[in-house]
Amino acid sequence: MLNLTCPNCGITADETDLHCDGQAHIARSGINANDDELENYLFMRDNPKGVHFERWRHIYGCGKWFNAARCTTTLEVFGTYSAQTFTPPKALINKIKKKRPNWEGFTK
Amino acid sequence: MSRYSAFAIAKNAFSYHQGWERAWAKPEIKKEYDVVIVGAGGHGLATAYHLGKNYGITNIAIIEKGWLGGGNTGRNTTIIRSNYLQDPSAAIYEKARSLYETMSQDLNYNVMFSPRGVMMLAQTEAEIRGYKRTAHANKLQGVKTEYIGPQKVKELCPIIELSGPRFPVLGALWQPRGGTARHDAVAWGYARACSDMGMDIIQQCEVTAVTQNNGKVTGLQTTKGSLKCKKLGIVVAGNSGHLANMAGFRLPLESVSLQALVSEPIKPCMDVVVMANTVHGYMSQSDKGEMVIGGGTDGFNNYTQRGSFHHLEETVRALIETFPMVSRLKMLRHWGGIVDVTGDRSPIISKTPLKGCFINCGWGTGGFKAIPGSGWAMAELMAKDEQIGLAAEFGLNRFQEGRFIDESVAAGVAH
């Protein structure tokens, strides 16, 4: 069972209390976006084998959104953080780099 | 290759069955091939088989990270059906189903195809409407299905409880020529036929890089050395995103875990396949007597080949209402497979931005039934280098063009 700590209310909830909504930090393409950009925004996903940043919602709790960094091959959770940011916090990125030296880093 | 037959069994009995030759060869990897297929699962092997059989291309290597058929080919619930709503899906799945009918003879390998009939239960008003619509669509597509009422359901499957209360059975979409097959035998049969045509199946060989020159694929780096190829086919299901990353393009896919479980073997009690999509559960009885149960997918990206326990709980909780006798069964094993799911729940059989590189992926939760049709379509695509035939509508460009083959609506859920 996957356990995540909601940074909004501080409660550690298991996955039945939560809902995952896929890759985080996807920038919405603007009104002038071409077909490639729109396709990228709507459909293309990183789907990495390893470190993944994703959006979660504490649906059966405080109801708020947050982001999580998780490994898709071990299910290890590196940390959770506020959804009100364009990039993951530096401290979290450093923590992941220490644990996964071969990780190529956060790319947008 | 010596043919398998009743006569061969009798002949080999005289030498205490010590004289059978290997079903497929174990060759050393060569430096150059016309075609390299990555992934020796059902879809990869079927692609190689049809490249050889339909187009005479046999200088092929099939590279496999693990062992033959050890991914989703060996992890599914072996259901074969073709009652899809959209025309392109019905065409490819019906092609696959029809190839399953003669597969044992074609491959000279018993894949134990059992067209026992597949029943998809309608348990809500919306499902009744959906399945009636599918039945009408199937009529136009030439796929033999019919919508049946609850009495016929009970007649075909006496152990079913019709009255609910949570999920009453209101009817079903019935495909009499759907069924099951022995999943491992499908991979083994194809492997034997490919090996017989002179193709090299290289197991325990992981691809580490895709080499390219001027936007054209030139070969692969693997854990068993580098090799050159003119054409490359990537057929790796859950790991497609990973391979595409090496080849330098992105895919509209997410990999999630899908689970299944089997019970202890019991006496024959159910001779059809029953799928209940509202509750994400499907069940059939294997020839060994085990009840084979498929569940739903996890809600998050996952490469671990195991899933969350609560999904199993949901599946079983719903199934014991529809099949009360299941409640006393012990479950023997449960496992997960990594399925690659696209936005419209339809596969991708496509050219890629890298010239000479083709991809077959996105089968999501319903790949086993499609194996022969998928191989047929992928072989045509690779041989002719054109997005035509059964693969015509399944190109990567459909996402940009907004031309979805929307089976997520048709199937409602995992399919």
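This is a walk through a predicted model with chains A and B, starting with chain A and ending with the parts of chain B.

Let us begin with chain A, which holds two helices and six strands. If you follow the sequence from its start, these elements come in the pattern β-β-β-α-β-β-β-α. Picture a box of roughly 40 × 35 × 20 Å along the principal axes: that is what the C-alpha atoms of chain A fill. A rule for compact globules gives another view of the chain. For 108 residues, the rule predicts a radius of gyration near 13 Å, and chain A has 15 Å, which agrees. How many of the 108 residues of chain A count as buried? The share is 23%. Contacts tell you how the chain folds back on itself: among those in chain A between residues at least 6 apart in sequence, 48% join residues at least 24 apart.

Two loops of chain A are good places to look at the backbone. Some background helps here: most residues other than glycine have a negative phi. Now find A:His25, in the loop between β3 (19-23) and α1 (35-42) of chain A. A:His25 is not a glycine, yet its phi is positive, near 60°. Is A:His25 buried or partly exposed? A residue needs 20 or more neighbours to be buried, and A:His25 has 17 C-beta neighbours inside 10 Å, so it counts as partly exposed. The second place is A:Leu75, in the loop between β5 (65-71) and β6 (77-82) of chain A. A:Leu75 also has a positive phi, about 65°, without being a glycine. Because A:Leu75 has 16 C-beta neighbours inside 10 Å, it counts as partly exposed.

Next, look at where the two chains meet. Here 19 residues of chain B are in contact with 19 residues of chain A. On the chain B side, at least two residues each come from α8 (240-247), β12 (253-263), α9 (309-322) and α11 (397-401). Which of these elements gives the most? That is β12(B), with three residues. Sorted by class, the residues on this side of chain B are six nonpolar, 11 polar and two charged.

Now move into chain B itself, which is divided into domain 1 (28-78 + 183-253 + 344-411) and domain 2 (112-179 + 255-342). Notice that domain 1 is written as three stretches of the sequence and domain 2 as two. Their C-alpha centres lie 28 Å apart. Where the domains meet, 22 residues of domain 1 are in contact with 19 residues of domain 2. On the domain 1 side, α8 and α12 (407-411) of chain B each supply at least two residues. That side of domain 1 has eight nonpolar, 11 polar and three charged residues.

A helix to study in chain B is α7, residues 183-196. At 1.5 Å a residue, its 14 residues should span 20 Å, and the end C-alpha atoms are 20 Å apart, which agrees. Why is α7(B) described as largely enclosed by the rest of the structure? The reason is that 11 of its 14 residues are buried. Among them are B:His183, B:Val186, B:Trp188, B:Tyr190 and B:Arg192. The buried residues of α7(B) pack against α2 (42-55), β2 (60-63), α4 (103-107), β8 (200-202) and α10 (371-384) of chain B. After the helix comes B:Gly198, with a positive phi near 95°.

Two more spots in chain B complete the tour. B:Tyr282 lies in strand β14 (residues 281-285) of chain B, and with 25 C-beta neighbours inside 10 Å, B:Tyr282 counts as buried. Leaving aside residues up to four places away in sequence, B:Tyr282 touches B:Thr77, B:Ile79, B:Val274, B:Met275, B:Ala276 and B:Gly294. The C-alpha atom of B:Tyr282 is 8.6 Å from that of B:Thr315, 33 residues apart along the chain. The last stop is a peptide bond, and most peptide bonds are trans. The bond joining B:Gly164 and B:Pro165 is cis, with omega about 15°. B:Pro165 sits in the loop between α6 (150-156) and β6 (171-175) of chain B.

Conventions
Residues numbered from 1 in each chain as written. Chains lettered and ligands numbered in written order. Predicted model: local features only at pLDDT ≥ 70, side-chain atom pairs only at ≥ 80, totals over all residues. Helix = DSSP H or I, 4+ residues; strand = E, 2+ residues; numbered from the N terminus. Rg over C-alpha atoms; globule rule 2.2 N^0.38 Å. Buried ≥ 20, exposed ≤ 12 C-beta atoms within 10 Å, placed from the backbone. Contact = placed C-beta atoms within 7 Å. Nonpolar A, V, L, I, M, F, W, Y, C, P; charged D, E, K, R; others polar. Expected span 1.5 Å × (residues − 1). Domains from an automatic or database assignment.
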